[in-house]
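Subject: The structure we talked about

Hi there,

Here is the structure I promised to pass on. Have a look at it first, and then read on for what turned up.

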Amino acid sequence: EVVGPNDTVYNLGDFSMSLKLVERTVKRLNGTQILIKGNHDKCFRKAELIQTYKDFGFKDVLTEMLLTIKLRGVDTVVKLHHLPYTPDDNEADSRYLEKRPKDEGHLLLHGHCHNAWLCIPKKRMFNVGVDRSNEYRPWSIREIEEELERSGYFEDNSTSNSNPKKE
C-alpha cells in the first residue's frame with residue numbers, strides 16, 4: 001500500500017481526459033485527493049466543472065499551491081503546479097506559456113512532461129508525474145528528497161532561501 005487512508009495526495013494534473021473515468025476512479029483511491037488541474041483535465045479550460053470534480057471526490061481543485069514539506073529536516077516551501085516554469089531546452093512544447101507558474105524562487109514540483117526529463121536543478125523544477133516510472137504511483141516526500149540529492153539540486157541551489165542546507 002503506497003497511500004494510506006490518512007495521507008494527502010497532490011495530483012499534479014492530467015488525471016484523465018474522461019469525466020466518466022474521473023468519477024469512477026477518485027472515490028476508489030486512498031487518502032485525501034487534491035487536484036492541481038492539468039491541460040488534459042476538463043476543468044483546466046472550464047471552471048464550471050471544478051465543482052463536478054469535487055463532487056467526484058477531490059477535496060480541492062486548484063491551479064497551483066504552495067506547500068511546506070521537510071527536506072533535509074528543514075521546513076521548505078515548494079510550489080505545486082501542473083506545468084514547469086519553462087520548457088526544457090530540448091522540449092519543443094511552448095504551449096501554455098501564459099499559464100505557466102511564476103518563478104518566485106521556490107522548488108517547483110510539477111507534471112505535464114509525462115515521461116520526459118526528471119529534474120533540472122538549476123531551474124528548480126522537478127517532474128513528479130506518476131508516469132516517470134513504470135509503476136504509475138505517487139512520489140513520497142522521501143523519494144523526492146532522495147532524487148533531489150542524486151540530481152545535485154541542493155548543491156546547485158545552496159544559496160537559495162527556500163532550499164535547506166545539509167545539517
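Below are my notes on the cores, the cysteines, the salt bridges and the aromatic rings.

Please keep in mind that this is a predicted model.

**Nonpolar cores**

Let me start on the inside. The largest nonpolar core has 18 residues, and the members that touch the most others are Val-78, Leu-80, Leu-107, Leu-109, Phe-126 and Leu-148. Strands E4 (64–71), E5 (74–81) and E6 (107–110) each give two or more residues to this core, as do helices H3 (141–151) and H4 (153–156). E4 gives the most, with four residues. Apart from this core lies another one, of ten residues, which includes Leu-49, Tyr-53, Phe-58 and Val-61. As general background, nonpolar side chains in soluble globular proteins tend to be buried together.

Phe-126 is a good residue to click on in your viewer. Leaving aside neighbours within four places in sequence, Phe-126 is in contact with Leu-107, Leu-108, Leu-109 and His-110, with Leu-118 and Cys-119, and with Trp-139, Ile-144, Glu-147 and Leu-148.

**Cysteines**

You may well ask how many disulfides a search of the whole structure finds. The count is zero. Two of the cysteines are worth a look for their burial: Cys-43 counts as buried at 1% relative accessibility, and Cys-113 is buried too, with a relative accessible area of 9%.

**Salt bridges**

The whole structure holds ten salt bridges, and I will take you through three.

In one of them, the side chains of Glu-64 and Lys-79 meet at 3.9 Å, N to O. Glu-64 is in strand E4 and Lys-79 in strand E5, so this pair ties together parts that lie 15 residues apart in sequence. Is each partner buried or partly exposed? Glu-64 counts as partly exposed, at 35% relative accessibility, while Lys-79 counts as buried, at 1%. Both belong to a network of salt bridges that also links Glu-104.

Another bridge joins the side chains of Arg-72 and Glu-155, at 3.8 Å, N to O. Because Arg-72 lies in the loop between E4 and E5 and Glu-155 lies in helix H4, the pair ties together parts that are 83 residues apart in sequence. Arg-72 counts as buried, with 12% relative accessibility.

Then there is the bridge between the side chains of Arg-124 and Asp-103, at 2.4 Å, N to O. This pair links distant parts of the chain, 21 residues apart: Arg-124 is in the loop between strand E7 (119–120) and strand E8 (125–127), and Asp-103 is in the loop between E5 and E6. Arg-124 is buried, with a relative accessible area of 14%, whereas Asp-103 counts as partly exposed at 38%.

**Aromatic rings**

Four aromatic pairs come out of a search of the whole structure. For Tyr-153 and Phe-154, the ring centres are 5.4 Å apart and the planes stand at 75°, so the pair is edge-to-face; the cut-off for that label is an angle over 60 degrees. Both residues count as buried, Tyr-153 at 0% relative accessibility and Phe-154 at 2%.

Elsewhere, Phe-15, Tyr-53 and Phe-58 form one aromatic cluster, and Tyr-53 and Phe-58 are also among the residues of the ten-residue core. Finally, Lys-99 lies over the face of Phe-44, at 5.3 Å from the ring centre.

Happy browsing, and best wishes!

Key. Residues numbered from 1 in each chain as written. Predicted model: local features only at pLDDT ≥ 70, side-chain atom pairs only at ≥ 80, totals over all residues. Heavy atoms only, no water. Core = buried A, V, L, I, M, F, W, Y, C linked by side-chain atoms within 4.5 Å. Buried < 20%, exposed > 50% of the residue type's maximum accessible area, 1.4 Å probe, protein only. Contact = heavy atoms within 4.5 Å. Disulfide = S-S within 2.5 Å. Salt bridge = Lys/Arg side-chain N within 4 Å of Asp/Glu carboxyl O. Phe/Tyr/Trp six-rings, centres within 6.5 Å; stacked < 30°, edge-to-face > 60°. Lys NZ or Arg CZ within 6 Å of the ring centre and 35° of its normal.
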